Each structure stands twice: as structure tokens, then as C-alpha cells.
Amino acid sequence: MKRFVIVLMAVVSLALSATKVQAQGLIDLTKDTFTRLVWDCDNSRTWKYLGAQPCVIIFYDNSVVSQTVETMLEKLSKEYSHKALFYKVDIARQRELSVFFSADSKDAPTVVFIPEIGPKLLITRGALDEATAKKNIVEVLK
């Protein structure tokens with residue numbers, strides 16, 4: 001019985017840890033984490049999303065527009081925390097990743113909405129309002 005309780009506590013602890021990761025808002029992506037969590041662009045030229053649930057990625061810079069959209073996506077990441085993952089990529093620091101989605105500072109931010117299954121990506125560039133962001137999130141959740 002004591003072993004069962006210990007195992008149960010471990011399972012509950014792991015479940016809570018996973019929830020905390022999902023609810024933490026926008027998660028920074030580097031080339032390494034991108035290739036493990038989103039797409040292994042080093043070993044495949046064909047797009048294949050690796051995630052277990054839809055995701056939203058903002059490619060941002062230091063502009064006011066990027067900061068505004070990033071704040072809005074931070075809020076939405078809490079609202080959709082159990083349905084989608086939310087990532088962010090700094091255009092200046094992760095240039096190689098930014099190139100894959102033609103994200104650069106002249107039309108930042110670029111937001112990519114990725115469904116769990118299928119090749120259909122929704123991409124927005126520049127200012128993005130909350131209603132459009134929610135509509136795109138709902139679309140990739142289908």
C-alpha cells in the first residue's frame with residue numbers, strides 16, 4: 001500500500017509539472033529546442049510538425065508592435081494553455097530559424113499558427129489583433 005501511495009504521488013507530481021510547463025506562457029525557442037519540439041529542419045526538408053498539440057510561434061523583435069502582440073499572446077497562452085503550446089523566437093538571436101518562415105524586422109512580428117496534424121500553417125505578419133489571433137488559434141485546434 002505504501003508503494004502505491006508513493007507511485008501515485010509521483011504520477012500526480014509529474015502531471016502537475018507538465019501543467020506548469022504548459023501554463024507558463026510563451027516559451028523561448030532556440031535552434032536546438034525548435035528542432036526537438038517543432039520541426040527537425042536539420043534532417044528533413046519536408047515540413048512535419050513534431051508536437052503533440054497545436055502551437056503558436058511569434059517571431060519578434062524589439063518594436064512596439066512586437067511587444068504589443070507578444071503581450072497579447074502571453075494572455076492567450078493562459079486562456080488556451082491546455083489546448084495549444086505558445087513559443088517565441090527572437091529574430092535577431094535566432095536568424096536561422098527566422099529564415100524558415102521569412103520572418104524579419106521589417107514586418108515583425110511574424111506569428112505562425114501550427115495545427116497538430118497537417119501541413120496547413122496560418123501565418124500573419126505585422127500587427128495582429130486579439131480577435132484574429134483567437135480565430136487563428138481556433139482554426140488550428142480543429
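## A crossover to start with

Let's begin in the middle of the fold: β2, helix α3 (residues 64-79) and β3 together make a right-handed β-α-β unit. Keep in mind that this is a predicted model. The two strands of that unit, β2 (residues 55-60) and β3, run parallel to each other and are paired over 6 bridges. If you want a spot to zoom in on, I57 stands opposite Y87 in β3.

## The whole chain

Stepping back, there are 5 helices and 5 strands in the chain. Walk along the sequence and you get the pattern α-β-α-β-α-β-α-β-β-α. Of the 142 residues, 42% are buried. Take the contacts with a separation of 6 or more, and 63% of them come from residues 24 or more positions apart.

## How the sheet is laid out

What is the order of the 5 strands in the sheet? They form an open sheet ordered β1-β3-β2-β4-β5, with mixed pairing. The edges belong to β1 and β5, which have a single partner strand each, so one side of each has no neighbour in the sheet.

Strands of a sheet pair through backbone hydrogen bonds, and they can do so either parallel or antiparallel. Here, β1 (residues 27-28) pairs with β3 in the parallel sense over 2 bridges, and D28 has K88 in β3 as its bridge partner. At the other end of the order, β4 and β5 pair in the antiparallel sense over 4 bridges, with V111 opposite T124 in β5.

## Strand β3, covered on both sides

Back to β3 (residues 85-90), where 6 of 6 residues are buried. In a regular strand, side chains alternate between the two faces of the sheet. In β3, L85, Y87 and V89 point one way, F86, K88 and D90 point the other way, and all are buried.

## A buried lysine

Is K31 buried or exposed? K31 has a relative accessible area of 18%, and buried means under 20%, so K31 counts as buried. K31 lies in helix α2 (residues 31-37).

Two acidic side chains are worth a look here. The side chain of K31 makes a polar contact of 2.8 Å with that of D42, and another polar contact, at 2.9 Å, joins the side chains of K31 and E96. Leaving aside residues up to four places away in sequence, K31 touches C41, D42, Q94, E96 and L97.

## Helix α5 and its two faces

The 12 residues of helix α5 (residues 130-141) should span 16 Å at 1.5 Å a residue, and the end C-alpha atoms of α5 are indeed 16 Å apart. At the start of α5, a side-chain oxygen of D129 comes to within 3.1 Å of the backbone nitrogen of A131.

Which residues of α5 are buried? They are A133, N136, I137 and V140. These residues cover an arc of only 100 degrees around the axis, which means they sit on the same side of α5. The general rule behind this is that an α-helix has 3.6 residues a turn, so residues three or four places apart point the same way. The buried residues of α5 pack against β2, α3, β3, β4 (110-114) and β5 (122-125). On the face of α5 turned away from the buried side, you'll find the exposed residues A131 and K135.

How values were computed: Residues are numbered from 1 along each chain as its sequence is written. This is a predicted model: local features need pLDDT of at least 70, side-chain atom pairs count only at pLDDT 80 or more; totals for chains, interfaces and linings use all residues. Side-chain values use heavy atoms; hydrogens and water are left out. Buried means under 20% relative accessible area, exposed over 50%, partly exposed in between (1.4 Å probe, protein chains only). Two strands pair if DSSP finds at least two bridges between them. A crossover is right-handed if, with the strands pointing away from the viewer, the path from the first strand over the helix to the second runs clockwise. A polar contact is a pair of N or O atoms within 3.5 Å; within protein, one must be able to donate a hydrogen and the other to accept it, and residues adjacent in sequence count only if both atoms are side-chain atoms. Contact means heavy atoms within 4.5 Å. The expected span of a helix is 1.5 Å times one less than its number of residues. The arc is that of the directions from the helix axis to the C-beta atoms.
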